[in-house]
Amino acid sequence: MNRADPNPKFELLRDPGNAGELASLIRAATDPTEVFEQFRRLLLLPGAYVQRDVLVVEGDVIRKALRASSAIPSRTLAKVANASPRYHRTITSFIAACLLVSGRLDDATRNAVSIEYGKCPTNFDRAIAIIGRHTSVQSMLQAQMLVSEKNYLTIVLRAAGYSDLALEIGRHVAKISSKIHQRVHQDKLRVFTDRWTFAIGHIVILAYLVKAQGSGLTPYGGIRIWNGGIANRYLMDRVSTLSDNFDYIRSYRFFGELHSVNHAEIFDDQYLNYFDTCGVIADKAGDETGAILERPALSDPAFETFRTALGLQPSARIVTLHCREAGYRVDSRHGLRNVDIATYLPAIRRLVERGYTVIRLGDRSMTPLPKIPGVFDYARSTLKSPELDVLLTGVATFHIGSSSGLSLVPQLFGTPCLYLNWYPLDMMPWGRRNWSVLRPMRHLDGSGRVTDPSVYFRYGRMPDRALLNACGVEPENLTAEQVEHAVEAFVDGLSADRGPPDRTGRNIGPVLIAGADGADEPFIRVPTETIR
């Protein structure tokens with residue numbers, strides 16, 4: 001039966017017919033069988049579980065359904081999977097997550113069994129294959145499909161708060177990608193899909209991987225990118241200069257690596273997340289500030305035109321600011337990365353008093369800034385351009401950012417960064433001169449603000465508020481007073497001019513969390529060894 005058929009005779013079969021009502025029933029249900037059945041119905045509603053490749057069901061509901069699957073017989077799970085059309089990635093990935101969370105296949109079995117992906121006759125067989133550690137493929141297309149399904153599985157697991165399982169599968173992806181490059185490309189080429197170019201933050205990470213290839217830190221002889229959307233062509237043109245063998249190719253011409261926060265990079269014979277990988281490459285191939293791109297000259301035509309339009313002197317000290325808001329990409333999964341610009345205004349005014357010119361970056365959907373002398377709302381101005389989106393962070397004295405791709409761009413030029421309200425904690429910004437102040441969290445039992453780093457890094461990879469609430473914590477924004485204190489302390493630290501930092505140990509700067517209510521010190525520094 002076509003669930004999207006508008007024929008009224010099917011309305012009774014769909015009742016209740018919307019995801020929100022089903023989600024409420026799932027949250028209220030206590031019987032695991034009922035929870036699983038209601039979630040199965042939700043999966044069948046067109047667009048209720050995933051829209052445009054993005055999960056739309058809140059994490060607490062997915063987590064409850066996965067836990068409920070422990071009470072469901074394996075035969076029933078197989079029926080649910082196989083009742084859908086073959087190669088139904090949404091169903092297959094959910095059932096695969098059920099198998100992992102319920103422990104249907106122990107580690108010994110998953111490590112011992114070898115499965116040929118191309119010989120899996122059903123969705124359920126493929127669900128077993130994508131959680132297997134030794135699943136083999138016989139063609140480039142099979143490899144691309146397997147990696148895509150493993151990637152989608154990591155999205156489901158992370159959404160439900162099973163970050164360790166998501167990271168394990170992400171390591172499978174890295175291992176498979178490496179083997180395919182060795183077997184198909186003989187390590188002559190490293191190929192990336194267009195998922196690496198559609199967002200500016202992805203391009204920044206790609207830049208470091210290209211730099212690693214161009215500097216001989218990896219065995220690859222060249223870089224290829226699938227043709228597709230490019231978030232900032234000016235930046236991509238700069239990135240292409242980091243390799244002597246860089247080009248774009250038709251999609252699917254070669255196996256291409258996907259981009260995901262859950263994936264790992266095999267570097268220095270260990271699995272690293274992408275941010276830690278960037279830190280290693282910055283140490284090995286960057287200049288004394290960690291920059292891998294040359295800082296823009298003040299005489300750059302685009303910047304000179306901008307400076308003239310604002311009446312800025314060449315000696316002006318610029319601070320770039322980016323406070324992520326919801327307008328650029330409407331996606332509830334990224335909601336906790338957004339911040340309130342109003343809480344930054346006192347700090348902005350204080351920076352102007354100290355002689356800085358503050359330039360707010362972003363897009364035209366941003367909340368307008370009030371008129372403040374010495375502050376320019378570039379995000380909403382007619383001067384905005386792809387070139388200046390990049391150049392301004394390169395000429396800045398320092399950058400104040402949030403958990404956004406645009407706030408990673410200054411890293412390319414070695415511009416010091418203060419990251420405020422950083423969330424989630426899957427990956428922490430690299431850069432020894434940078435500071436990261438985490439988004440505060442509060443215990444829902446009334447015991448106050450979370451100040452234990454182990455609690456932060458237990459829950460801090462959960463992507464949405466509903467899941468965090470279900471775990472007993474509530475994320476907050478830094479207050480205006482906390483923002484101002486962090487900015488003042490960061491600026492004072494930069495003014496001390498202690499010289500280039502020592503390049504030993506992990507490439508990460510101070511990480512701070514808000515102190516307890518009423519504490520003498522507003523922030524607590526997290527020991528580097530406890531940062532996951």
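Leaving aside its neighbours within four places in sequence, Met 428 is in contact with Phe 275, Trp 422, Ser 436, Leu 438, Phe 457, Ile 508, Val 511 and Ile 531, where contact means heavy atoms within 4.5 Å. Met 428 is also one of the residues that, together with Tyr 208, Leu 235, Leu 412 and Leu 438, touch the most other members of the largest nonpolar core, which has 73 residues. A nonpolar core is here a set of buried Ala, Val, Leu, Ile, Met, Phe, Trp, Tyr and Cys residues joined through side-chain atoms within 4.5 Å, and buried means under 20% relative accessible area, with exposed over 50% and partly exposed in between (1.4 Å probe, protein chains only). Helix α11, residues 200-214, gives the most to this core, with 10 residues. Apart from this core lies another, of 61 residues, among them Val 61, Ile 62, Ile 95 and Val 173. In soluble globular proteins, nonpolar side chains tend to be buried together.

The model is a predicted one, in which local features need pLDDT of at least 70 and side-chain atom pairs count only at pLDDT 80 or more, while totals for chains, interfaces and linings use all residues. Residues are numbered from 1 along each chain as its sequence is written, and side-chain values use heavy atoms, with hydrogens and water left out. The protein chain averages a pLDDT of 91, and 95% of the residues score at least 70, pLDDT being the predictor's confidence in each residue, from 0 to 100. Over residues 9-13, however, pLDDT stays under 50, and for this stretch the model has 5 contacts beyond four places in sequence.

Two of the contacts of Met 428, Trp 422 and Leu 438, lead into the sheet, for Trp 422 stands opposite Leu 438 in β15. The sheet is open and consists of 8 strands in the order β12-β11-β10-β13-β14-β15-β19-β20, with mixed pairing; helices (H or I, at least four residues) and strands (E, at least two) are DSSP runs, numbered from the N terminus, and two strands pair if DSSP finds at least two bridges between them. β12 (375-376) and β20 (523-525) stand at the edges, each with a single partner strand, so one side of each is left without a neighbour in the sheet. Strands of a sheet pair through backbone hydrogen bonds, either parallel or antiparallel.

Between those edges, several neighbouring strands can be followed one by one. Strand β10, residues 317-321, pairs with strand β13, residues 398-401, in the parallel sense over 3 bridges, and Thr 320 stands opposite His 399 in β13. β13 in turn pairs with β14 in the parallel sense over 3 bridges, with Leu 418 in β14 as the bridge partner of Ile 400. Strand β14, residues 417-422, is joined to β15 by 4 bridges, the two running parallel, and Leu 418 has Trp 435 of β15 as its bridge partner. β14 is mostly covered, with 6 of its 6 residues buried. Both faces of strand β15, residues 435-438, are covered as well, since Trp 435 and Val 437 on one side and Ser 436 and Leu 438 on the other are all buried. In a regular strand the side chains alternate between the two faces of the sheet. From β15 the parallel pairing passes over 2 bridges to strand β19, residues 511-514, where Leu 512 is the bridge partner of Val 437.

Charged side chains add another set of links, as the structure holds 28 salt bridges, each defined as a side-chain nitrogen of Lys or Arg within 4 Å of a carboxyl oxygen of Asp or Glu. Asp 426 forms one with Arg 158, the closest N and O atoms being 2.6 Å apart; Asp 426 lies in the loop between β14 and β15 and Arg 158 in helix α9 (residues 140-159), so the pair ties together parts that are 268 residues apart in sequence. Asp 426 is buried, at a relative accessible area of 13%, and Arg 158 counts as buried at 14%. Glu 476 and Arg 442 form a salt bridge whose closest N and O atoms are 2.7 Å apart, and here Glu 476 is partly exposed at 22%, as is Arg 442 at 24%. In the salt bridge between Lys 119 and Glu 116 (3.4 Å, N to O), Lys 119 is exposed, with a relative accessible area of 61%, whereas Glu 116 counts as partly exposed at 33%. Finally, Arg 350, Glu 353, Arg 354, Glu 488 and Asp 492 are linked in a network of salt bridges.
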